[in-house]
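Colleague: Could you put the model up? I'd like to go through a few of the labels and hear what each one rests on.

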Amino acid sequence: VVQVALSTVLLVGAGLLLRTIGEASRVDLGFDPAGALVVSLDISKSGYNPERGRVFYAQLLDEVRALPGVRSAAISRHVPVQSAGMITTVTLSGASPGGREPEVAFTPVSPDFFRTLGLRIEQGRDFARSDEGGPSILAVNRAFADRFWSGRDALRERVLNFGPKGAETIAVIADAKLTSLRESREPMIY
């Protein structure tokens, strides 16, 4: 009797697990994982300073993009459906004073990041190599634009505490699942 009872509990648990996996496979991720490869590395542990690191990553991207079958390659600190990356408070243009500064997730990305992951650019443009060394710029996801700049053109807004003179918003990116398949739309800065 005990064995039958335990077997029944295990079968019910397995059935629920299969149902959950089936539902998770139908979730719209907001990006296309098909044919994608993620590689994780931390060159700071090998003695690279920030300048040498930028050169290394630029050369790495050039070499990976030249490989047969590679359509696109990019670098980011955060990969969707993983940890939130980094969290920071933001001071926003057009925000009403007196409130607490909101906390949002952000991640540095290289040019072609959105194309590489299949993230749709709803407004604006992608980052370009020519942007390096210029004024600070960023992209926000739709959840960020809707929550903090609702009814305004996000491409005319700035995040005032990114960079020495604040950062201009150059794009609004379609929402994607950032940390889990169950999350609601969360604001993100790229």
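Modeller: Let's start with Tyr-57, which counts as partly exposed at 25% relative accessibility. Bear in mind that this is a predicted model, where local features need pLDDT of at least 70, side-chain atom pairs count only at pLDDT 80 or more, and totals for chains, interfaces and linings use all residues. Residues are numbered from 1 along each chain as its sequence is written, and side-chain values use heavy atoms, with hydrogens and water left out.

Colleague: Why does Tyr-57 count as partly exposed?

Modeller: Buried means under 20% relative accessible area and exposed means over 50%, with partly exposed in between (1.4 Å probe, protein chains only). Tyr-57 has 25%, so partly exposed it is. Phe-56 at 24% gets that label too, and so does Tyr-48 at 26%.

Colleague: What makes the pair of Phe-56 and Tyr-57 edge-to-face?

Modeller: Rings of Phe, Tyr and Trp (its six-membered ring) pair if their centres lie within 6.5 Å; planes under 30 degrees apart are stacked, over 60 edge-to-face, the rest tilted. Here the centres are 5.6 Å apart and the planes at 65°, so edge-to-face fits.

Colleague: And why is the pair of Tyr-48 and Phe-56 called tilted?

Modeller: Its centres are 5.3 Å apart with 55° between the planes, so the pair falls in the tilted class. By this rule the count comes to 9 aromatic pairs.

Colleague: How do you know that the charged end of Arg-52 sits over the ring of Tyr-48?

Modeller: The rule wants NZ of Lys or CZ of Arg within 6 Å of the ring centre and within 35 degrees of the ring normal. Arg-52 is listed as sitting over that ring, 4.3 Å from its centre.
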